[in-house]
Amino acid sequence: QAQPCLIGRYWWVCERRCAPFGVFFRSMTGPTRSPSNCSDPPSPWAGDASPFSAMTSTDHKWRSCEAYFVRLLAFGLLSLLVPVLMMGSFFQIPKPLTIGHFDRPTSSAGASLLPPPTLKSPPPDLRMPRPPSNLTCALFIEEELPEGRYRLSAAFTGRVDPRRANQVAFDLFIIHPNSGEKRRLFLSVTAVPSLDRTVKATLSSLTADTDLHSLRNFKLGGRAHAHSPEEGNPVYWTVPHGGPHKTVPCQLMDSRLEEEWKVRWKAASGPDLSEKHQLDESKLPKSHTFEVYRMVDTTQIYDFLDQHNGADLLGTAWHLLSRGLPDSLWSRYCVTVVEAALDEITTNSLNGSISDSVFADYASCDQGHCGCVNLADRTISRMPLHKIEPFCKLGKVQCKCSHKSQLQSAQYVGRLPINLPVRRIKDPWRNKDYPPPHVDGFDASWYSFPAASRCGPNQPLGDKGCTWRREAPVAHIFNADITGVFEGYSRVYDKWSRLVEDGASTDTMLHNMRILEANFASLPLRPPPCR
C-alpha cells in the first residue's frame, strides 16, 4: 500500500498548493479530497520512493495538476511582461539617427542597424524605360595648363524614348588603379530627351591632373528615369541597384574627329543641360549657390537630394566616423536656392530663438520621408531644453512642429546649424551639462531638400513655385578609396553601462573634413567650384 499512499499524499499536497486558485483547480480536477489511508508527512517527498517515479502516464489527475501549474507559470510571466512593455513604450529610448548619411540609424561600429533598404517596385501601370542606347562620349582639350595639367570639356549623346523617360543620367567611369578592372563612377550629369529620342549634355572647365593617354580609360554609361517626380527614388531609374552599366569608351578628339563630332552634335537636337535660359535677370529671384555633400550606403548608386538630408563639407565629416559599406558613394552636389524671406524659423540659430532666414526649418529625413526635426538632431544642434520641450515629449524621438513650420519646410530648403565639438545627447532632460559648451568659429550646416519644390531640368529658378535647383555636374568618390580618416565616436556611459552621449572632437571633425576635401580634389576630372 506504499504506492497508493504516496500517490494519494502527493495528490493531496498538490491539491492544497492549488487551493488559492480553487475555482480553476476544481474546474479541472473535480471536488477537493484528502487521503484517508496515510498520515500527513512533513513533505510530499518523504520516504525512499519519489512520487514522480510512482506517477504513471495514465494518471489523469496528476497530468491535470501538472498542466495547471504550467498555465499558472505562463500567466505569471505574462503578467510581468505586459507592464514592462507598457513602460518601455512610455519611456521610449531615442534611437541614434545619422542624418545626411543614408538617413538611417547606425550602430557604434558604423554597421547599419537596419537591413539593406528594400526598394519598392514601381507602380504596375508605370512603363519603365529602357537604358539609353547609342551612347557617345567625346573629350576636348580647351587649354594646356602648367605642371602637366589640362582643362577639358566633355560632350555626351544618346537615344531614349521620351514617352517613357523624362531625363537621362550620363555617368562617367574610370578603371581605378587600386581596384583591378573594377570601374569607378566619379562624375555624373543629367539631361532631358527631345521628341526625336536624342539626348545630349556638355560639361566644361574640367581640370585633369593626368597625362592624355590615361584619359582613354574613361567610359560612359547611362541610366533613364521614368516619368515620375521622384528623382531621389532609385526604383524609377534603370539599373536601380547600381548593377553593371553598358559603357562605351570616351574618345579624345583631335582636329579631324572634332569636325566630325560637330556634325553629329548638330544632328542631335536634344536640349543641353549646361545651356542657360535667356531670361530677363531682373525678373529672376535673388539666389545663391553652395556645395552639398551626401553619402549613400548602397552599392555604386547615388540618389540625388529629393526628400533627403545633406551637409556642407564640415557637417558631413561627422558621417566619416561610421564609414558604412566599402562601395558606398560620397557625392558632391551644387545647389542653388531662392533667397526667400521666411519668418518664425526656429532652427536657424544655436540658441533656438525665433528669427527670419532664407532657409526654412530643418526637416529630419528617413528613407525618403521628411518631418519635424527630431530630438537627436536638436541635441546635436545644442538647442536649449526650454526650446525643445514645446515640440518634443519626454523620451520621444519624434517631435511635432507647427503647421506653418511644416509648410515652409515642404517648400524651401531647410537648414540646421552644427557647432564643434559634435555631441549627441540621448536624454537632455537627465543630463545636467546640457547644452554642452562649443567652440566659436567652426560652424557647420545640415540641410533638408523637399522634392515638391525642386526645379526640373532646364526649369528656371522660381518658375511654378520651384525654390531650389540641382546644378550640373555631380562628383563622386568611393568609400573604399578614402584613407586616413578618424573613425569611431567618443562615448560616455553611466554607472549602469548605458550610453549617455556620443560625439566627435573638434580635431577629429577638422581632420576628416580635410581628408574628404583632398579626395574630391584628386578626381580624374575635377569639376569647377560651385558658383
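These are my notebook entries on a predicted model, written as I looked things up.

**Ground rules**

I number residues from 1 along each chain as its sequence is written, and my side-chain values use heavy atoms, with hydrogens and water left out. Since the model is predicted, local features need pLDDT of at least 70 and side-chain atom pairs count only at pLDDT 80 or more, while totals for chains, interfaces and linings use all residues.

**Entry 1: confidence**

I began with pLDDT, the predictor's confidence in each residue, from 0 to 100. The protein averages 75, and 70% of the residues score at least 70. I marked two stretches where pLDDT stays under 50. Residues 88-119 form one of them, and the model has 91 contacts for it beyond four places in sequence; contact here means heavy atoms within 4.5 Å. Residues 272-278 form another, with 16 such contacts. A reminder to myself: where pLDDT is low, the predicted coordinates should not be read in detail.

**Entry 2: the overall count**

I found ten helices and 24 strands in the protein. These are DSSP runs numbered from the N terminus, with at least four residues for a helix (H or I) and at least two for a strand (E). Buried residues make up 50% of the 531 residues, where buried means under 20% relative accessible area, exposed over 50% and partly exposed in between, using a 1.4 Å probe and protein chains only. Of the contacts with a separation of 6 or more, 76% are between residues 24 or more positions apart.

**Entry 3: the sheet S20-S24-S23**

Next I followed an open sheet of three strands, in the order S20-S24-S23, with antiparallel pairing. Two strands pair if DSSP finds at least two bridges between them. S20 (422-425) and S23 (490-493) are at the edges with a single partner strand each, so one side of each has no neighbour in the sheet. On average, neighbouring strands here are turned by 20° against each other, direction ignored; the axes are lines fitted to C-alpha atoms, and angles run from 0 to 180 degrees between N-to-C directions.

S20 pairs with S24 (residues 499-504) over four bridges, and Arg423 stands opposite Gly503 in S24. S23 and S24 are also joined by four bridges, with Val492 and Glu501 as bridge partners. The S23-S24 hairpin has five residues between the strands, and there Ser497 takes a positive phi near 65°.

Is Asp502 buried or exposed? Asp502 sits in strand S24, and at 3% relative accessibility it counts as buried. Beyond four places in sequence, Asp502 touches residues including Val422, Arg423, Tyr489 and Arg491.

Just before S20, I noted a cis peptide bond between Leu420 and Pro421, with omega about -10°. Pro421 lies in the loop between S19 (414-420) and S20.

**Entry 4: cores and helix H10**

I then looked at nonpolar cores, which are sets of buried Ala, Val, Leu, Ile, Met, Phe, Trp, Tyr and Cys residues joined through side-chain atoms within 4.5 Å. The largest has 70 residues, and Phe156, Phe170, Leu172, Phe218 and Trp318 have the most contacts inside it. Helix H10 (residues 506-521) gives the largest share of this core, six residues. Apart from it lies another core, of 20 residues, including Phe173, Leu185, Val335 and Val413.

Among the buried residues of H10 are Met509, Leu510, Met513, Ile515, Leu516 and Phe520. I also checked its span: at 1.5 Å a residue, the 16 residues should cover 22 Å, and the end C-alpha atoms are 23 Å apart, which agrees. The expected span is 1.5 Å times one less than the number of residues.

**Entry 5: strand S12 and odd backbones**

S12 (residues 308-311) pairs antiparallel with S21 (residues 439-449) over four bridges, and Ala311 has Trp446 as its bridge partner in S21. His308 and Gly310 point one way from S12, Asn309 and Ala311 the other, and all are buried.

Phe304 lies in the loop between S11 (287-296) and S12. Phe304 has a positive phi of about 60° although it is not a glycine, and it is buried, with a relative accessible area of 1%. Glu344, in strand S14 (residues 342-345), also has a positive phi, near 55°, but at 46% relative accessibility Glu344 counts as partly exposed.

My last note is on another cis peptide bond, joining Ala472 and Pro473 with omega about -5°; Pro473 is in strand S22 (residues 468-478).
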